[in-house]
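Welcome, and thanks for taking a look at this model. Please have the sequence and the 3D view ready as you read.

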Amino acid sequence: MTERKLHVPNFELGDDDIDAIAKSAVKDIAKDLRALQEQAQADFDGMILETGVITLDEAYVAQRKNYAMTTSYLSEPAKKHHEQLYQGYAELLTRISAEVDAADKVNVSSAHSPYRSVKKDEVYDLNATYLHELFFANCFDPNSELFQDFYAYMHLARDWGTFDAWMADFMACALSSRSGWVICGYSLYLKRFINVCVDGHDQGVLVGLVPILVIDMWEHAYVRDYAADKKSYLTAMMREIDWEVVEDRVKRVDALKGVMG
Ligand SMILES: [Fe+2]
């Protein structure tokens, strides 16, 4: 049997060898980085038209959710009307999303341009959709219960002095809105809860507000069942607030506060 000899390279390297290896490694890394940079630039250039506008595909299909409006304070036709409007906003969002994607983003103007129009409509319809969803979820609980050890109760009582003072302010905001909404939410900037009245779906929306309680104050929400008596409609809606839903939102706000610092 022949003995096999292994060739063992000499690993004893001098300072010059180490310098040479280090320089060569740095060169390789620099080469890789340059290649990555060039690829990224090529990808970015691919997104740019001759006019210099970045094109990204924004279109989406809005999916509506289902809500059980288990309340005797609204008639069936009034509930149906709510449903139809909500459905309509979801359908519009799908259309608007495609229009935002396809709109001319070069010939724009603050006085008039298709892109400006569709972007304004986008916010209007997004708000309409989310506000209805928040409202459907936080109202219509026939077994509505609120306890003094709920975070919601404690936070609102703390920020207004008493819970009753919060409620009086919330109702005043609701009755002040012009075909719109009343929202109680946490302001990330004020670092406290605040009630706001919104006209339409987009006038008076506070920047940095995280909603915890929302009530629809559009005419369609109350005229059919309460005529011009907005206060009776509002009182009825507040009797059936689902405080468990509100409590969950307040806990999410607390988690958000931890992230925001
Ligand atoms: Fe509505």
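The report below covers a sheet, a pair of helices and two loop residues.

This is a predicted model, so local features need pLDDT of at least 70, side-chain atom pairs count only at pLDDT 80 or more, and totals for chains, interfaces and linings use all residues. Residues are numbered from 1 along each chain as its sequence is written.

Let us begin with the sheet. Helices (H or I, at least four residues) and strands (E, at least two) are DSSP runs, numbered from the N terminus, and two strands pair if DSSP finds at least two bridges between them. Here 3 strands make up an open sheet with antiparallel pairing, in the order 2-1-3. Strand 2 (192–199) and strand 3 (209–217) are the edge strands, each pairing on one side only. On average, neighbouring strands of this sheet are turned by 20° against each other, direction ignored. Between strand 1 (residues 180–187) and strand 2, the antiparallel pairing extends over 8 bridges. If you look for Tyr 186, you will find Phe 193 of strand 2 opposite.

Helix 5 (residues 163–176) lies across strand 1, strand 2 and strand 3, and runs at about 20° to strand 2. Axes are lines fitted to C-alpha atoms, for helices over the stretch in contact, with angles from 0 to 180 degrees between N-to-C directions. Residues are in contact if their C-beta atoms, placed from the backbone, lie within 7 Å.

Next come two packed helices. The axes of helix 6 (residues 219–226) and helix 7 (residues 230–239) cross at roughly 105° and come within 9 Å. That crossing makes helix 6 roughly perpendicular to helix 7 (65 to 115 degrees; under 35 is roughly parallel, over 145 roughly antiparallel, and the rest oblique). Helix 6 contributes Ala 221, Tyr 222 and Tyr 226 to the contact, while helix 7 brings Lys 230, Ser 232 and Tyr 233.

Finally, two residues deserve a visit for their backbone angles. Phe 140 sits in the loop between helix 3 (114–138) and helix 4 (151–160), and Ser 179 in the loop between helix 5 and strand 1. Neither is a glycine.

| Residue | Phi | Other C-beta atoms within 10 Å | Class |
|---|---|---|---|
| Phe 140 | about 70° | 21 atoms | buried |
| Ser 179 | about 45° | 14 atoms | partly exposed |

A residue is buried if 20 or more other C-beta atoms, placed from the backbone, lie within 10 Å of its own, exposed if 12 or fewer, and partly exposed in between.

Note on methods: Two residues are in contact if their C-beta atoms, placed from the backbone, lie within 7 Å.
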